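Thanks, everyone; I will keep this short and go through one model, beginning with its main pocket and then turning to a few points of backbone geometry.

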Amino acid sequence: MQLKNFLAATAAFVALSQPIAAYHVKRARSSPLIVPFPGQGALPTAAQVQSTSAGDDSIPFENIQADILVGMKKQNEKFVFFHINNAATFKSVLKTYAPANITSVATLIGPISAQPQAVVNVAFSQAGLGALGVTDNLGDTAFTGGQFADASDGLGDDTNTWEPAFKGTNIDGVFLIISDQDSIITQYQDDLQAKLGDAWTVVYDLSGAARPGDQFGHEHFGYLDGISNPLIKGFGEPLPGQAFIDPGIILVGRANDTVTTRPAWALDGSFLAFRKLKQLVPEFHKYTLDNALQNQSGNLSTEEGALLLGSRMFGRWNSGAPIDLTPDVDDPALGNDPNRNNNFNYIHPGEDPATDQSRCPFTAHIRKTNPRDLESQNLIPEFFHAIRAGTPYGPEVSYAESSSNTTQIDRGLAFVEYQSNISNGFRFQQVNWANNNKFPFNKSISEPGLDPVIGQDKGANRITTGLNPLNVSESLSIPDFIVSNGGEYFFAPSITSIVETLAA
């Protein structure tokens, strides 16, 4: 596609990107709707995308829902989970609502002045597709069964901690509404309600927002997040160390999609794995203080030793600096530099990656879920990548919570991950890596332990090794500081398919 055609297609979708009727704010933007947090690369421009596209085989970004490729760059987000009561009415509304309101990738990389006041995207569960009369097999067994059926024996969840709304298959879909102002999100949700009326029921909703002040871009435990997402080919140039993957790892039907039998309308859609992950922040900080580590110097304070333990659990310091590059002390300049903070693979001259954990434990969260050393040795195929796009939810820790070391207010991460195959993406990362005490393989320790951050064992403490740099064989029993409150698997179709297939 030539640049002028790309921009023309973008403009056509942008022109229809404002909600109609009930939503009255139609002012032009002076700043982009989506901006990177510290340590992240920016979204590419339309010109940059054009320069890296594959000629006539370039991806139609004007037809792909925006959130799939945005990553963790969102200031405010609302998840509106719904059940369809009247399919005929719902489809009638969706047919006109989608082309005018569902936001594409092209819209967000196009002219700032033409960007909408909010992104609106939509995705459907297997039950939701059935409610709309779409019976095609999308070729993803996890999606077909739904997350609740997968939760206990598959994902390792204690389903007693799940919110009732997520139990079963009552959720048909989710609208994602993203903006830089929470009041605008409310107006967009009100607009949806006015249009859909009794045709739907909002089963559950969840508001997320970036944390304030110097914690902007950090999750609630305090670690800079969203800085290691892969980039699909054709969507700009990768940063140093960033995984550069075939589009079909994320987009159905594109190059290197591992499933060949898909309905034609599924092209350029993506599967969305959603999880509501409650974070027990005061308890986490109390644990790191109680189990503070020491390093070779032997002169760390308790607070410094707690930061060292946390960094070895995550694989990064609070700033985002990888401990593989700076194992003894945080380096905020490194953490905030997207040209350096991902440029590592756990392999160093004179050190054996199969035995050495002095820099980074085998069980560190970022090493469990993104085993760069194994991938660089061609021991892990690229199709296990996925794009994370979640948002923190809940308020900051209160004085009462901090004083009592006890969580009293719900907060955590509205986890979102996109992939073309849930069994290769989210599910493989959670089940085969985070929850597997024998992974990573090809190491000197046969059972390194579970991921100390997101590993799940039905509510039981996780046993993990390698965290103590002075004795990497020592094991620690780590309580669940992240508790699954439920989730669902969805499919986010292309905008054309929403109109021509789901709403037909």
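Helix 2 gives the largest share of the lining of the largest pocket, namely three residues, and I should say at once that the model on the screen is a predicted one. Helix 2 (46-52) is joined by helix 3 (67-70) and strand 5 (231-232) in that each of these elements supplies at least two residues of the lining. The volume of this largest pocket comes to about 470 Å³, and among the 30 residues that line the pocket, those closest to its centre are G41, A42, K73, L231 and Q242. If we sort the lining by class, we find 14 nonpolar residues, 14 polar residues and two charged ones.

Let me move on to the backbone. In the loop between helix 12 (332-335) and helix 13 (365-369) sits Y346, which has a positive phi of about 70° although it is not a glycine. Is Y346 buried or exposed? Its relative accessibility is 5%, and because buried means under 20%, Y346 counts as buried.

The loop between helix 16 and strand 11 holds K458, another residue other than glycine with a positive phi, here near 55°; K458 has a relative accessibility of 44% and therefore counts as partly exposed. P440 is also found in the loop that runs between helix 16 (426-434) and strand 11 (462-465), and the peptide bond joining F439 and P440 is cis, with an omega of about 10°.

Note on methods. Residues are numbered from 1 along each chain as its sequence is written. This is a predicted model: local features need pLDDT of at least 70, side-chain atom pairs count only at pLDDT 80 or more; totals for chains, interfaces and linings use all residues. Side-chain values use heavy atoms; hydrogens and water are left out. Helices (H or I, at least four residues) and strands (E, at least two) are DSSP runs, numbered from the N terminus. Buried means under 20% relative accessible area, exposed over 50%, partly exposed in between (1.4 Å probe, protein chains only). On a 1 Å grid over the protein atoms alone, a cavity is a set of points where a 1.4 Å probe fits but cannot get out, and a pocket is an open set with protein on both sides within 12 Å along at least five of seven lines; lining residues have an atom within 4 Å of a point. Grid points are joined across faces, edges and corners, and a volume is the space filled by probe spheres set on the points. Ala, Val, Leu, Ile, Met, Phe, Trp, Tyr, Cys and Pro count as nonpolar, Asp, Glu, Lys and Arg as charged, and the others, Gly among them, as polar.
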